[in-house]
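Please take a moment with the sequence and the structure shown here before reading on. The paragraphs that follow walk through a few places in the fold and then turn to a pocket.

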Amino acid sequence: MQANLLISFQQIGDMFKNLWESSGLVASDWRNYVMIAVSFVLMYLAIVKKFEPLLLLPIAFGMFIINIPGAKDVVWGTTDAEGHFVGDRGLLGYLYFGVEKVIYPPLIFLGIGAMTDFGPLIANPKSMLIGAAAQLGVFITFAGAILLGFDAAAAASIGIIGGADGPTAIYLTQALSKFTNEDLLSTIAIAAYSYMALIPIIQKPLMKLCTTKKERAIKMKQLREVSKIEKIIFPLLVTLIVGLLLPDAIPLLGMLMLGNLMKESGVVDRLSSQAQNGLMNTITIFLGLSVGCKALGTNFLQLQTLYIIMLGLVAFCFGTIGGLLMAKLMNKLSGGKINPLIGSAGVSAVPMAARISEDVGRESDPSNHLLMHAMGPNVAGVIGSAVAAGFLLACFGG
């Protein structure tokens, strides 16, 4: 009887010991708690400040749960020292498969295409020049990353932050991941979406610095009306031309144009609606959680993270400046008919960047409306960032 009682006490003791050893308190690391604090800051920006909440909130929550000590092996899966799965994946490990095989970003582009009106760009094709010039930040940042010691594939992944397009940044970074020893996905994605959220703060001072009050007050002529046949031909023509010249851009650009063709054709409203709503929302949740779960404190808190954050800011600034300078040049060549403020919309943060052009223009003249004129460069920036990603992938992906 006494022996059985001792065995029972020993079993209870072992149970509590196992419970303690399996808790996160034993396996905790200070870097996990730092990242949990960072996740709270991102949640604050998403919920209170409403900065890109659709993606910033799931990214922040993914970062939060993966850094709860002891939770990684449960929600993500067991991995070796290099991050490769050595057993069954957890729930978020399976969701990450869509990022690992670069499935989610093209599907996001499908939804973006279904929501985009290329009419302002078709009505003013010269806007494409502004979208191209806004990619200046991509290539300046690429050069800066090389100077800081990153290899070419990593530098290309960092540079694409300047395209101001989160899905494109994720797509290129993951596609080039096998050509670099750096695991940059979470850092680049968080930098890209954080700076996209801060576009009003970043762009307005640069817009005022690069333009005069007289230029900001320029009123532009109303755009012509674009026919339905033009809107149907446009996605087909762009896909064909870019596909012939740069096939590596097709996964993103092709899905963008398919979504737009479904919208403009008017014969598949159910598919277009699903791409815009159900599919887009589902993939956004999966993508955000998957990317956030890569931001594990022990991997994220490194010196290179600081470099990437700094280079991301450089990329956004020079992308904005490139678009503004091109618009100023076009204004001179047109005899003062183009407001240079629309140049800042050449980055592909749709439609936020176009709204900033409208806001700054109305600060100079409340009766000045630039939104539709800025939408041309804005959607051109979406095309430009996809083309830039295809170019970098063609150069450094083989």
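**A walk from a buried glutamate to a pocket**

Glu 264 is buried, because its relative accessible area is 11%, which falls under the 20% that marks the limit for a buried residue. The model is a predicted one, and in it Glu 264 belongs to helix H17. Its side chain makes a polar contact, at 2.9 Å, with the side chain of Lys 263. Leaving aside residues up to four places away in sequence, Glu 264 touches Thr 116, Asp 117, Lys 228, Lys 231 and Ile 232.

Among those partners, Lys 231 leads on to helix H16, where Lys 231 is itself buried, together with Phe 234, Pro 235, Val 238, Val 242 and Gly 243. The cover over these buried residues includes helix H8 (119-123), helix H17 (250-265) and helix H22 (371-396). Helix H16 runs over residues 228-245, and because a helix advances 1.5 Å a residue, its 18 residues should span 26 Å, a value with which the 27 Å between its end C-alpha atoms agrees. Helix H16 nevertheless carries a kink of about 25 degrees at Phe 234, a position shortly before the proline Pro 235.

Two places in the loops also deserve attention for their backbone geometry. Val 102, in the loop between helix H6 (97-100) and helix H7 (104-115), has a positive phi of about 45 degrees although it is not a glycine. With a relative accessible area of 23%, Val 102 counts as partly exposed. In the loop between helix H20 (303-333) and helix H21 (352-364) lies Pro 351, which is joined to Val 350 by a cis peptide bond with an omega of about -10 degrees.

Which residues, then, lie closest to the centre of the second largest pocket? This pocket holds about 960 Å³ of space, and of the 37 residues that line it, the closest to its centre are Glu 52, Leu 54, Met 115, Val 350 and Pro 351, so that the two partners of the cis peptide bond appear again here, because both are listed among those closest residues. At least two residues of the lining come from each of helix H3 (53-66), H7, helix H12 (166-175), helix H13 (185-197), helix H18 (269-292), H21 and H22. The largest share, five residues, is supplied by H18, while H22, which helps to cover the buried residues of H16, also contributes to this lining.

Note on methods. Residues are numbered from 1 along each chain as its sequence is written. This is a predicted model: local features need pLDDT of at least 70, side-chain atom pairs count only at pLDDT 80 or more; totals for chains, interfaces and linings use all residues. Side-chain values use heavy atoms; hydrogens and water are left out. Helices (H or I, at least four residues) and strands (E, at least two) are DSSP runs, numbered from the N terminus. The expected span of a helix is 1.5 Å times one less than its number of residues. The bend at a residue is the angle between axes fitted to the seven residues ending there and the seven starting there. Buried means under 20% relative accessible area, exposed over 50%, partly exposed in between (1.4 Å probe, protein chains only). Contact means heavy atoms within 4.5 Å. A polar contact is a pair of N or O atoms within 3.5 Å; within protein, one must be able to donate a hydrogen and the other to accept it, and residues adjacent in sequence count only if both atoms are side-chain atoms. On a 1 Å grid over the protein atoms alone, a cavity is a set of points where a 1.4 Å probe fits but cannot get out, and a pocket is an open set with protein on both sides within 12 Å along at least five of seven lines; lining residues have an atom within 4 Å of a point. Grid points are joined across faces, edges and corners, and a volume is the space filled by probe spheres set on the points.
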